[in-house]
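Good morning, everyone. Please take a look at the chain on the screen, and we will walk through it together.

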Amino acid sequence: MTGLDAADLTALRALSETYAAAADDRDAAAIGALFVPDGVLVVPEPPAHLGPHVPHVGRAAVVAALGALAGTLATTHVVAGARYLPTSTGARGRVRGTAHHLLPGRDGPSDVVWFLHYDDEYARTGEGWAFTRRAVTVNWIERHRVSVTRADEEGTGR
């Protein structure tokens, strides 16, 4: 591959934004569909392991791994910036962002914020760009008390 044109860069950014939106919608199947069939998602295990630690290989494993979001009241994933480079087989990228996790607690909900980046590898498929590998690194974590949430008002986390 010789380079990435503007359409490629737009499509790769859209792939990351679609991943973030599907995570917030708790649509693990939609996230799984963003990977090639044998794609790999490597996730951390905070607080013991902030770097990529646990690999999930294949779409079914990716979908199962994202079941962890069910333990949150809500999430908000923000894609803050990205850089993409061509490779001989597709592209690679580093995507920076934050992931807010609204968690229940004895004294009310809290927002656990992961400041993170994804190291990605991509392939162009018949349907467009897809993840071949996505490795999540948490750079640091903050926790904040939340006083009023939509979950409080509606009785749901969504």
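We start with a definition. A salt bridge here is a side-chain nitrogen of Lys or Arg within 4 Å of a carboxyl oxygen of Asp or Glu. And one caution: this is a predicted model.

Why might such pairs form? Side chains of opposite charge can pair when their charged atoms come close.

How many salt bridges does the count come to by this rule? Four. I will take you through some of them.

Take Arg124 and Asp8. Their side chains meet in a salt bridge, with N and O 2.8 Å apart. Now find them in the chain. Arg124 lies in strand E5, residues 110-125, and Asp8 lies in helix H1, residues 6-24. The two are 116 residues apart in sequence, so this pair ties together distant parts. Is Asp8 buried or exposed? Asp8 is buried, because its relative accessible area is 6%, and buried means under 20%.

Next, Arg94 and Asp119. This is a salt bridge too, and the closest N and O atoms are 2.7 Å apart. Arg94 sits in strand E4, residues 91-103, and Asp119 sits in strand E5. They are 25 residues apart in sequence, so here a pair ties one strand to another. What about the surface? Arg94 is partly exposed, at 35% relative accessible area. Asp119 also counts as partly exposed, at 26%.

Now Arg134 and Asp120. Their side chains meet in a salt bridge, 2.8 Å from N to O. Arg134 is in strand E6, residues 128-145, while Asp120 is in strand E5. The two are 14 residues apart, and the pair links distant parts of the chain. Arg134 is buried, and Asp120 is buried as well.

Let's step back to the whole chain. It has four helices and six strands. Read along the sequence, the pattern is α-α-β-β-α-β-β-β-β-α.

What radius of gyration does the chain have? It has 16 Å. A compact globule of 158 residues would be near 15 Å, so the chain agrees with that. The C-alpha trace spans about 55 × 30 × 25 Å along its principal axes.

Of the 158 residues, 39% are buried. The accessible surface comes to about 8400 Å², and 55% of that belongs to carbon and sulfur atoms.

Contacts next. Take those between residues at least 6 apart in sequence. Among them, 57% join residues at least 24 apart.

Back to charge for a moment. The chain has 15 positive side chains and 18 negative ones. The centres of the two sets lie 4 Å apart.

Now some single residues. Pro37 lies in strand E1, residues 35-45. Pro37 is exposed, with a relative accessible area of 58%. Leave aside its neighbours within four places in sequence, and Pro37 is in contact with Gly58 and Arg59. Look at Thr132 as well. Pro37 and Thr132 are 95 residues apart in sequence, but 8.4 Å apart in space, C-alpha to C-alpha.

Move along to Pro46 and Pro47. A cis peptide bond joins them, with omega about 0 degrees. Pro47 is in the loop between E1 and strand E2, which covers 49-57.

Last stop, Arg26. This residue is in the loop between H1 and helix H2, 28-32. Its phi is near 55 degrees, a positive value in a residue other than glycine. Arg26 counts as partly exposed, at 26% relative accessibility.

That is the tour. Thank you for listening.

Definitions and conventions
Residues are numbered from 1 along each chain as its sequence is written. This is a predicted model: local features need pLDDT of at least 70, side-chain atom pairs count only at pLDDT 80 or more; totals for chains, interfaces and linings use all residues. Side-chain values use heavy atoms; hydrogens and water are left out. Buried means under 20% relative accessible area, exposed over 50%, partly exposed in between (1.4 Å probe, protein chains only). The radius of gyration is taken over C-alpha atoms; the globule rule is 2.2 Å times the number of residues to the power 0.38. Contact means heavy atoms within 4.5 Å. Accessible areas come from the Shrake-Rupley method with a 1.4 Å probe; for residues, only the protein chains shown count as cover. Lys and Arg count as positive and Asp and Glu as negative; His and the chain ends are not counted. The place of a charge is taken as NZ of Lys, CZ of Arg, CG of Asp or CD of Glu.
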